[in-house]
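Reader: I should like a close look at a single part of this model, followed by an account of how other parts of the chain are arranged. Please treat the matter in one connected answer.

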Amino acid sequence: MQVVRDPKTFREACEAARARGARVGLVPTMGALHEGHLSLVDRAKHEGATFVALTIFVNPLQFAAHEDLGRYPRTLEADLEACRSRGVDLVFAPEDGSMYPPGFQTEVAVGEITKRWEGVHRPSHFAGVTTVVCKLFALTGPSVAVFGRKDYQQWRVIERMTLDLDLPIDVVGHPIVREEDGLALSSRNRYLSPEERTRALGIARGLHAANEAWRAGMRDADALRAIVRGPVESAFDSIDYVAVASPRTLEPLEGSATEAVILVAAHVGRTRLIDNLELA
Ligand code: AMP
């Protein structure tokens, strides 16, 4: 496995792989890797990638000033070991500053779909995400790029950007990987005290109850939202949103739904967690 730290060397390594006839798969991450990230590597291979590039970059552009950029977990050595054992071919872990050198002044921003939910609570977040993902796409030249549905809105935003800019890349959304008790794996779970870790299950409990209700025939968007909100409200310190939305446009749903995604963001202690459930 090759590990590179500067964008130009990364581009050359991807070019060399393509020149050998490889189908390049890209898995962008912020590191502190867990099984959720590694399942994206498996998925890239399953989608036909014969050369998998995984990027590790805690992208400052997607954090607001009051957010957790400074304390975001950085575990590069363990991450590289995990990548090696999962069969990643190339890791790109850019040095701070190399992605945004002096003079950098371009932003890639997607419209409407970025304005809701996460976009309300993290107004500059998605422009930071789409800008860095666009750069990673340009450096890598992947045939396929895999994102987790854990960040459901992010996946839909990147799908939209790829379509709108005619980027020749298959964007794949991989299902959420969870702990046995239902907690969605997240690098931010490391922030949780044991007591907060227990309370964090409120989201999975709410989503599970909504799933049961959906399977029993419940279709009313308000009622589904209430089912999720109850357990989240009692376990979490504050809620940013519990939304029942259209899976593709992410517009809020009212009345009877034929398909939906339930999106949740809430705070336990100093930690903000997001999760979601697709219903179809
Ligand atoms: P992050 O490092 O948090 O930016 O995540 C990198 C990628 O891994 C994103 O596409 C996430 O959606 C995905 N991811 C993170 N956690 C999970 C999970 N539990 N299941 C599936 N994908 C995940």
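Which residue follows H8, and what is the sign of its phi?

Author: The model is a predicted one. The residue that follows H8 is Gly217, and its phi is positive, near 110 degrees.

The helix before that glycine spans residues 201–215. Its 15 residues reach 21 Å from the first C-alpha to the last, close to the 21 Å expected at 1.5 Å a residue. Buried positions in H8 are Leu201, Gly202, Ile203, Ala204, Gly206, Leu207, Ala210, Ala213 and Trp214. The cover over these buried residues includes two helices, H7 (194–199) and H9 (221–235). It also includes two strands, S8 and S9 (271–279).

Strand S8 (260–268) also bounds a loop that deserves mention, since the loop between S7 (238–245) and S8 holds Leu250. Leu250 is not a glycine, yet its phi is positive, at about 65 degrees. With a relative accessible area of 0%, Leu250 is buried, because that value falls under 20%.

A comparable description applies to Trp117, which lies in the loop between S4 and helix H4 (118–121). Trp117 has a positive phi of about 50 degrees although it is not a glycine. Its relative accessibility is 17%, and Trp117 therefore counts as buried, the limit being 20%.

Positive phi values also occur at glycines after other helices. Gly21 follows H1 and has a positive phi near 95 degrees, while Gly87, just after H3, takes a positive phi of about 85 degrees.

Helix H1 itself covers residues 7–19. Its 13 residues should span 18 Å at 1.5 Å a residue, and the end C-alpha atoms are indeed 18 Å apart, which agrees. The buried residues in H1 are Pro7, Phe10, Ala13, Cys14 and Ala17. Viewed down the axis of H1, these buried residues fall within an arc of 125 degrees, so they line one face of the helix. The general reason for such spacing is that an α-helix has 3.6 residues a turn, so residues three or four places apart point the same way. On the other side of H1, Lys8 and Ala19 are exposed. The buried residues of H1 pack against four strands, S1 (2–4), S2 (24–29), S3 (51–56) and S4 (90–92), and against helix H5 (125–140).

The packing of H1 on H5 can be described further. Their axes come within 8 Å and cross at roughly 50 degrees. That angle makes H1 oblique to H5. From H1, Pro7, Phe10, Arg11, Cys14 and Arg18 take part, and they meet Ala138, Leu139 and Thr140 of H5.

H5 has a further helical partner in H6 (residues 152–164), with which it packs at an angle of about 55 degrees, the axes being 11 Å apart. H5 and H6 are therefore oblique to each other, and their crossing is right-handed. On the H5 side of this contact are Phe126, Val129, Thr130, Val133, Cys134 and Phe137. They meet Gln153, Gln154, Val157, Ile158, Met161 and Thr162 in H6.

Helix H3 (residues 76–86) has Asp79, Leu80, Ala82 and Cys83 as its buried residues. Seen down the axis of H3, they fall within an arc of 160 degrees, so they line one face of the helix. The face of H3 turned away from that buried side carries the exposed residues Glu77, Ala78 and Ser85. Strands S1, S3 and S4 and helix H2 (35–46) are among the elements that cover the buried residues of H3.

The loop between S3 and H3 contains Asp68 and also Gly70. Asp68 is buried, with a relative accessible area of 12%, whereas Gly70 is exposed, with a relative accessible area of 75%. Leaving aside its neighbours within four places in sequence, Asp68 is in contact with Phe63, Arg188 and Tyr191. Asp68 and Thr271 are 203 residues apart in sequence, and their C-alpha atoms are 8.9 Å apart in space. For Gly70 and Ile262, the separation is 192 residues in sequence and 30 Å in space, C-alpha to C-alpha.

Methods. Residues are numbered from 1 along each chain as its sequence is written. This is a predicted model: local features need pLDDT of at least 70, side-chain atom pairs count only at pLDDT 80 or more; totals for chains, interfaces and linings use all residues. Side-chain values use heavy atoms; hydrogens and water are left out. The expected span of a helix is 1.5 Å times one less than its number of residues. Buried means under 20% relative accessible area, exposed over 50%, partly exposed in between (1.4 Å probe, protein chains only). The arc is that of the directions from the helix axis to the C-beta atoms. Contact means heavy atoms within 4.5 Å. Axes are lines fitted to C-alpha atoms, for helices over the stretch in contact, and angles run from 0 to 180 degrees between N-to-C directions. Angles under 35 degrees count as roughly parallel, over 145 as roughly antiparallel, 65 to 115 as roughly perpendicular and the rest as oblique. A crossing is left-handed if the near helix is turned anticlockwise from the far one by less than a right angle, and right-handed if clockwise.
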